[in-house]
Amino acid sequence: MTVTAPPGYAAIVTAAGRGTRAGGGEPKQWRDLAGRSILARSLDAFAGFDRVVLVVHPDDMARAIRDFAGGVTIVTGGDTRAASVMAGLHALEGQATHVLIHDGARPLVGDAVIQGVIDALQGGAPAAAPALPVSDALWKGAGGAVTGTTPRDGLFRAQTPQGFALDQISNAHRLHPHDAADDVELALKAGIPVAITPGSEDNLKITFPADFARAERILGTAMDIRLGNGYDVHAFGPGNHVWLCGVQIAHEAGLVGHSDADVGMHALTDAIYGALAEGDIGRHFPPSDPQWKGADSAIFLAHAADLARERGFTFGNADVTLICEMPKIGPHAQAMQARLAQIMGVDASRISVKATTSERLGFTGRREGIAAIATAALIKA
Ligand SMILES: Nc1ccn([C@@H]2O[C@H](COP(=O)(O)OP(=O)(O)OP(=O)(O)O)[C@@H](O)[C@H]2O)c(=O)n1
Ligand SMILES: C[C@](O)(CO)[C@H](O)COP(=O)(O)O
């Protein structure tokens with residue numbers, strides 16, 4: 001899921017730093033984090049914004065264009081973070097009402113953090129930024145020894161994205177063009193009150209070498225991806241129609257089964273149960289139970305989909321292949337996708353239904369029945 005920003009909201013992602021504290025051969029934002037660059041991950045979080053400005057170092061312009069051109073406006077930054085933000089604000093002049101300014105080095109910012117900032121701005125706050133209360137004791141130290149303590153009451157660890165009315169933060173940057181730790185500091189200097197919104201421990205800023213492993217751990221434990229497959233067969237018998245993937249199709253025969261014999265929906269249901277390690281349809285809806293005689297197979301699919309949701313999963317995608325000589329599936333595939341998506345409560349673009357013949361070989365080739373295979377991907381983020 002991505003946050004869909006209200007109209008007029010833009011984002012600036014700062015990525016012009018050199019990442020000297022992180023070490024490594026190249027600036028940290030261009031390094032790989034579990035298969036994708038840190039910067040790609042940071043930008044992804046703002047895919048639901050109408051306008052995104054990416055601020056990069058002049059040396060990185062070519063690869064920024066290679067990796068991100070099209071989706072975002074790319075500009076070059078300055079010697080300090082504040083100067084880089086200023087370049088981003090300049091590119092947005094007259095193009096937006098509000099702006100969220102984010103560190104390209106915070107690749108794990110979640111939807112809730114971004115939405116919290118938007119909600120505060122929409123609620124009337126002139127500026128809003130996420131933070132976490134300091135929970136450790138705070139010391140002063142010198143020469144490897146504690147020299148004093150500092151009360152932590154009322155202290156917060158600031159995160160990004162930090163959100164503002166565009167004209168106000170642009171003005172604050174013009175009034176105080178020198179470096180500042182963040183944009184909130186400049187806003188306060190310009191007299192703009194800033195609301196604190198919920199931050200997240202996962203929204204770390206990659207700063208030191210150990211932060212890469214920490215981010216990878218968060219990603220690794222945060223994602224639970226399950227794949228399941230399902231296979232089913234039903235024989236033709238007397239009748240004048242078949243049910244396939246929730247669509248009734250006129251045919252010279254029917255399919256024989258305890259329920260409505262919807263072989264495609266059964267394969268998909270089993271794929272979901274499989275991904276959840278929950279056995280198959282027979283375990284949940286025993287054929288020996290008369291109440292399922294002639295049942296609409298949508299009951300089974302909805303049960304499996306609900307079970308997945310109860311366990312905290314969303315659907316990545318599902319793919320069903322029907323294997324038969326007849327009836328022709330092509331003309332009905334779109335309706336099947338729509339019906340399966342409706343039952344599962346997902347967008348139809350995540351569901352595929354396709355068909356193949358078995359070149360007249362085997363039981364499907366002899367038109368004795370229909371087989372179906374299905375795969376389902378479940379994701380817990
Ligand atoms: N001149 C600068 C400096 C920083 N940043 C960006 O601001 C964010 C936060 O800065 P920081 O973590 O300090 O990044 P670096 O300046 O790259 O790190 P370092 O201080 O270790 O060199 C990063 O996404 C960084 O790329 C920027 O756009 N322009
Ligand atoms: C903007 C920021 O990420 C908020 O915590 C932080 O101020 C950036 O600091 P840095 O000194 O550029 O690492």
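A polar contact is a pair of N or O atoms within 3.5 Å; inside the protein, one of the two must be able to donate a hydrogen and the other to accept it. With that in hand, Arg 106 makes a good starting point in this predicted model. A polar atom of the Arg 106 side chain lies 2.9 Å from the backbone oxygen of Asn 203, and the side chain also reaches the backbone oxygen of Ala 158, at 3.5 Å. Arg 106 belongs to the loop between β6 (98-103) and α4 (111-122). Its relative accessible area is 8%, so Arg 106 counts as buried, the cut-off for that term being under 20%.

Arg 106 also leads to the surroundings of ligand 2. The residues around this ligand are Arg 21, Arg 81, Asp 103, Arg 106, Ala 158, Thr 160, Ala 181, Asp 182 and Lys 205. By class, the shell consists of six charged residues, two nonpolar ones and one polar one. Several polar contacts can be followed here. A polar side-chain atom of Asp 103 is 2.5 Å from an oxygen atom of ligand 2, while a polar backbone atom of Ala 158 lies 2.7 Å from an oxygen atom of the ligand. Ala 158 thus appears twice in this account, since its backbone oxygen is also reached by the side chain of Arg 106. For Arg 21, an N or O atom of the side chain is 2.9 Å from an oxygen atom of ligand 2. On its own, ligand 2 has 360 Å² of accessible area, of which the protein covers 73%. The space that ligand 2 takes is the second largest pocket.

Ligand 1 can be described in a similar way. Around it are 19 residues, of which Thr 14, Gly 19, Thr 20, Lys 28 and Ser 84 come nearest. The shell divides into nine polar, seven charged and three nonpolar residues. Thr 20 brings a polar side-chain atom to 2.6 Å from an oxygen atom of ligand 1. The backbone takes part as well: a polar backbone atom of Gly 17 is 3.0 Å from an oxygen atom of ligand 1, and for Ala 15 the corresponding distance is 3.4 Å. Taken alone, ligand 1 exposes 560 Å², and the protein buries 87% of this area. Two elements, β1 (9-15) and α3 (81-92), give two or more residues each to the shell. The space taken by ligand 1 is likewise described as the second largest pocket.

Some backbone features deserve a look too. Most peptide bonds are trans, and most residues other than glycine have a negative phi. Against that background, the bond joining Thr 160 and Pro 161 is cis, with omega about 10°. Thr 160 is one of the residues around ligand 2, and Pro 161 sits in the loop between β10 (156-158) and β11 (162-165). A cis bond also runs from Met 326 to Pro 327, with omega near -5°; Pro 327 is placed in the loop between β17 (314-323) and α11 (333-344).

Two alanines have a positive phi. For Ala 261 the angle is about 60°, and for Ala 277 it is about 55°. How do their settings compare, buried or exposed? Ala 261, in the loop between β16 (254-255) and α8 (263-275), is buried because its relative accessible area is 0%. Ala 277, in the loop between α8 and α9 (281-284), is exposed, with a relative accessible area of 62%.

Terms used:
Residues are numbered from 1 along each chain as its sequence is written. Chains are lettered from A and ligands numbered from 1 in the order in which they are written. This is a predicted model: local features need pLDDT of at least 70, side-chain atom pairs count only at pLDDT 80 or more; totals for chains, interfaces and linings use all residues. Side-chain values use heavy atoms; hydrogens and water are left out. A residue is near a molecule or strand if one of its heavy atoms lies within 4 Å of it. Accessible areas come from the Shrake-Rupley method with a 1.4 Å probe; for residues, only the protein chains shown count as cover. On a 1 Å grid over the protein atoms alone, a cavity is a set of points where a 1.4 Å probe fits but cannot get out, and a pocket is an open set with protein on both sides within 12 Å along at least five of seven lines; lining residues have an atom within 4 Å of a point. A molecule sits in a cavity or pocket if more than half of its atoms lie within 2 Å of its grid points. Helices (H or I, at least four residues) and strands (E, at least two) are DSSP runs, numbered from the N terminus. Ala, Val, Leu, Ile, Met, Phe, Trp, Tyr, Cys and Pro count as nonpolar, Asp, Glu, Lys and Arg as charged, and the others, Gly among them, as polar. Buried means under 20% relative accessible area, exposed over 50%, partly exposed in between (1.4 Å probe, protein chains only).
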